[in-house]
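Subject: Handing over a structure, with notes

Dear colleague,

I am passing the structure below on to you, and my notes on it follow. Please read them with the structure open beside you.

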Amino acid sequence: MKKRLIEQLQKHLINNYNRLPVVLVKGKGCRVWDSNDQQYLDFASGIAVNNLGHCHPRVVRAIQAQAKKLIHVSNFYYIEPQIELARLLTDNSFADRVFFGNSGSEANEAAIKLARKYGNEVLGGKYEIITAYGSFHGRTIATVTATGQEKFHTGFQPLLSGFKYIPFNDLEAARTAISPKTCALMVEPIQGEGGVILPSDIYLKGLKKICREKGILLIYDEVQVGMGRTGRLFAYENYGAPPDIMTLAKSLGGGVAIGAMLTTEKLARSLTPGSHASTFGGNPLATAAGVAAVSAILEDGVLENCRKMGKYLHAQLTGLRNRFGFIKDIRGKGLMIGVEIEFEGAEIVKRCLEKGLLINCTAGKVLRFLPPLIVTKKEIDEAIKTVTRVLSKI
Ligand SMILES: Cc1ncc(COP(=O)(O)O)c(C=O)c1O
């Protein structure tokens with residue numbers, strides 16, 4: 001079955017992903033199974049999507065119940081779970097208003113468009129957006145332009161005009177980059193695809209102060225770090241500097257595709273009827289899943305477990321550092337942990353897969369551990385055992 005499926009894929013799908021040779025067919029909690037019924041411990045979580053693990057009972061029940069009632073109607077009408085999800089997000093964040101899309105890229109597109117619309121109309125013709133080197137904001141032409149990594153730009157030029165990049169964690173660079181045309185500064189509170197790069201203790205507060213002084217907007221892309229990944233519902237809560245606009249996606253729907261752009265009442269006024277839209281954005285099925293996922297994160301001790309298990313995983317990985325000299329650094333927050341090594345990590349990812357552990361490698365040399373936030377100590381011990389076996393043979 002596996003051979004046949006892989007052959008079919010190579011025939012029918014565009015070859016734009018580097019796939020590992022495994023066909024995954026089912027999942028439960030922190031585990032997935034392949035087409036040969038081989039079991040894997042999933043410490044990649046669909047890249048920070050399955051924060052509640054696979055097929056979380058609350059999410060499954062909500063999807064089943066909603067699928068029987070109403071799957072899609074357009075945003076010309078009021079949609080009950082959409083309203084409830086927006087209420088949950090605004091009650092638990094800095095924001096007053098939400099726009100729903102279907103992905104992280106779409107959420108960031110909405111943030112970019114809102115910043116430009118507000119900049120043009122309210123700030124008097126400002127349109128330029130500053131982002132950080134090493135950032136990742138998506139694959140649409142605007143979000144790939146916002147992404148401060150040349151490798152994602154290659155072949156897609158000309159990119160959108162009106163973007164500028166600064167080094168992450170450098171407040172002076174941010175201050176000097178702002179021009180009379182700048183309307184917003186956009187960063188990930190912790191850079192994910194860039195290699196799990198944490199902000200310094202003063203960085204986000206400093207950015208906020210600069211944005212206030214210069215009268216421009218601060219946008220956080222919390223697509224990867226939001227929804228409990230760092231041990232708080234939103235990563236910015238760790239740093240005491242809320243933004244003006246924030247984007248979410250990935251685990252917001254407990255595995256179902258959804259994205260969201262959150263903002264304040266004042267800014268939201270710029271998006272008048274007809275100015276922005278999304279056919280599937282905030283549809284009944286995705287938002288019902290979202291209500292279940294956010295409620296589970298808030299009510300079921302998930303954040304506390306993330307903080308506790310995050311410390312434990314960090315400590316276990318630090319133990320490996322003493323044993324393997326090629327480990328250069330271990331860094332992260334909550335259950336988003338990067339292990340930087342001296343060489344390309346793809347081979348380690350492949351060997352971990354062969355031994356029943358899914359992890360991922362980003363920025364070439366950073367092994368990224370993103371287990372579900374419901375992970376147990378026993379599962380972490382099992383993963384560490386596998387990683388130790390793999391690293392010993394490298
Ligand atoms: C921080 C960040 N922003 C945006 C995106 C893009 O999200 P999507 O792939 O859902 O469009 C990603 C995806 O990895 C991300 O990590």
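I begin with the side of helix H12 that faces outwards: Ala 346 and Glu 354 are exposed there, where exposed stands for over 50% relative accessible area, buried for under 20% and partly exposed for what lies in between, with a 1.4 Å probe and protein chains only. Please keep in mind that this is a predicted model, in which local features need pLDDT of at least 70 and side-chain atom pairs count only at pLDDT 80 or more, whereas totals for chains, interfaces and linings use all residues. Residues are numbered from 1 along each chain as its sequence is written, and side-chain values use heavy atoms, with hydrogens and water left out. Helices (H or I, at least four residues) and strands (E, at least two) are DSSP runs, numbered from the N terminus.

On the other side of H12, which spans residues 346-354, Ile 348, Val 349, Cys 352 and Leu 353 are buried. These four lie on the same side of H12 because they cover an arc of only 140 degrees around the axis, the arc being that of the directions from the helix axis to the C-beta atoms. The buried residues of H12 pack against several elements, among them strand E12 (336-341), strand E15 (366-369) and helix H13 (377-392), with contact taken as heavy atoms within 4.5 Å. After H12 comes Gly 356, which has a positive phi near 90 degrees.

Strand E15 is covered on both faces, with Val 366 and Arg 368 buried on one side and Leu 367 and Phe 369 buried on the other. E15 runs antiparallel to E12, to which 4 bridges join it, and also antiparallel to E14, through 3 bridges; two strands pair if DSSP finds at least two bridges between them. Arg 368 in E15 stands opposite Gly 338 and also opposite Asn 360. In the hairpin of E14 and E15, which has 3 residues between the strands, Ala 363 takes a positive phi near 50 degrees, and Ala 363 is partly exposed, at 38% relative accessibility.

Two further places in the backbone deserve a look. Most residues other than glycine have a negative phi, and most peptide bonds are trans. Val 196, although not a glycine, has a positive phi of about 55 degrees; this residue lies in the loop between strand E7 (182-187) and helix H8 (203-214), and is buried, with a relative accessible area of 0%. Gln 157 and Pro 158 are joined by a cis peptide bond, with omega about 0 degrees, and Pro 158 is found in the loop between helix H6 (141-146) and strand E6 (163-166).

As to the overall layout, the protein is divided into domain 1 (2-55 + 301-392) and domain 2 (57-299), with bounds that come from an automatic or database domain assignment. The contact between them takes 29 residues from domain 1 and 31 residues from domain 2. Together the two domains bury about 2,400 Å², 60% of it on carbon and sulfur atoms, where buried area is the accessible area (1.4 Å probe) that two parts lose on being put together, summed over both. On the side of domain 1, Leu 303, Lys 333 and Met 336 lose the most area to domain 2, together 27% of what that side buries.

With best wishes
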